[in-house]
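Me: Could you walk me through this protein, with the reasoning behind each answer? I would like to start with its charged pairs.

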Amino acid sequence: MAMKGVLRPGHVQLRVLDMDASLSHYVDRMGLIKTDQDAQGRVYLKGWDEHDWFSVVLRPADEPGMDFMGFKVDSAATLNELEQKLKDFGCKVERIPAGELNHCGERVRFDSPTGHLFELYADKDYHGNSVGVMNPHPYPEDIKGMKVHRFDHCLLYGDDLDGSVKLFTDVLGFSETEKVMAGPDGQLKIGSFLTCGMKAHDLAIIRHGEKGKLHHASFLLRSWEEVLHAADIMGRYKIPIDIGPTRHGITRGRTIYFFDPSGNRNETFCDSYDWYPDHETITWTEDELGGAIFYHDQALNERFLTVVT
């Protein structure tokens, strides 16, 4: 499939309460690599197999949560085109100058019906991954902790789910890979999983009474053994686990959820499936919601459903 338009998730900016504790968590325990720090005190991180300069920005703040999520587009022309489409859709749109985030070009920031802020950008400085591109080894020897490969996606909670799905599908060209339907007649959409490429999801949104909430930021591992290794790290360092290791019915991912020192939920996961534009959207019904979320025990975890930042 030709990659054009919106290419992939590029970064997320998270609010953290204690930067030293957060760096211990994200760098020493999860294995992200610190690449920069700016005058605002924001710290820039990347996974060992990511090529751009950063994918996670930690911002010191008084409350946890997500400031914004950014997506990389294929060109400056696409950035300009999508900026106009976002305005036509009714989004509040702002041009952020190059350099406001270190190593990142101009960004187009926009709001969404669920109250989240997103960004598009075309340019970010190249850093390179930890094995290089000339006769590389399959993995580096010096990665710490859980050895996460990359930032992968976010799951967000907000009220106007239908509006945000329309924004991402009709304006930005995403596909809806899976959906969760509920209500007396089964026609109320309560969850949507969206992709801009070939993954099962690059973004997921759940219907929720409050706007602008973060459920989790997710990081990719490559095997069930790596997920279990991540769980060992959580046990060794007493990182609070939400649930797992387990498996999702939705997306088929094998997963474990846990919390950073500020209360932001993280996920490390592996596996899924390839998505192509001619595939039908997978539908999950309310009566099978337990297995859709946690396939092994077929039961819902109330904390997982309700705790957000």
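Reply: Happy to! A salt bridge here is a side-chain nitrogen of Lys or Arg within 4 Å of a carboxyl oxygen of Asp or Glu. The model is a predicted one, so local features need pLDDT of at least 70 and side-chain atom pairs count only at pLDDT 80 or more, while totals for chains, interfaces and linings use all residues. Residues are numbered from 1 along each chain as its sequence is written, and side-chain values use heavy atoms, with hydrogens and water left out.

Me: How many salt bridges does the count come to by this rule?
Reply: Side chains of opposite charge can pair when their charged atoms come close. Applying the rule to this model, the number of salt bridges is 23.

Me: Are Asp38 and Arg42 buried or exposed?
Reply: Buried means under 20% relative accessible area, exposed over 50%, and partly exposed in between (1.4 Å probe, protein chains only). Asp38 has a relative accessible area of 12%, and Arg42 has 3%. Their side chains meet in a salt bridge, N to O at 2.7 Å. By the cut-off, Asp38 is buried and Arg42 is also buried.

Me: Which residues are linked with Asp38 and Arg42 in a network of salt bridges?
Reply: The pair belongs to a network of salt bridges. Its other members are Glu100, Arg107, Arg109 and Glu119.

Me: How many residues apart in sequence are the parts that Arg95 and Glu83 tie together?
Reply: Helices (H or I, at least four residues) and strands (E, at least two) are DSSP runs, numbered from the N terminus. The side chains of Arg95 and Glu83 form a salt bridge of 2.9 Å, N to O. Arg95 lies in strand S6 (residues 93-96) and Glu83 in helix H2 (residues 76-89), so the parts they tie together are apart in sequence by 12 residues.

Me: And how many residues apart are the parts joined by Asp159 and Lys211?
Reply: Asp159 and Lys211 form a salt bridge, with their closest N and O atoms 2.9 Å apart. Asp159 sits in the loop between strand S9 (150-158) and helix H3 (161-171), and Lys211 in the loop between strand S12 (203-207) and strand S13 (213-220), so the separation of the parts is 52 residues.

Me: Which side chain makes a polar contact with the side chain of Thr114?
Reply: Thr114 is found in the loop between strand S7 (107-111) and strand S8 (117-121), and is buried at 0% relative accessible area. A polar contact is a pair of N or O atoms within 3.5 Å; within protein, one must be able to donate a hydrogen and the other to accept it, and residues adjacent in sequence count only if both atoms are side-chain atoms. At 2.9 Å, the partner is Ser164.

Me: Why do the buried residues of H4 line one face of the helix?
Reply: The buried residues of H4 are Val227, Ala230, Ala231, Ile233 and Met234. Seen down the axis of H4 (using directions from the helix axis to the C-beta atoms), they line one face because they fall within an arc of 155 degrees.

Me: Which exposed residues does the face of H4 turned away from its buried side carry?
Reply: The buried side packs against helix H1 (19-29), strand S14 (241-247), strand S15 (254-259) and strand S16 (265-270), where contact means heavy atoms within 4.5 Å. On the face turned away, the exposed residues are Glu225, Asp232 and Arg236.
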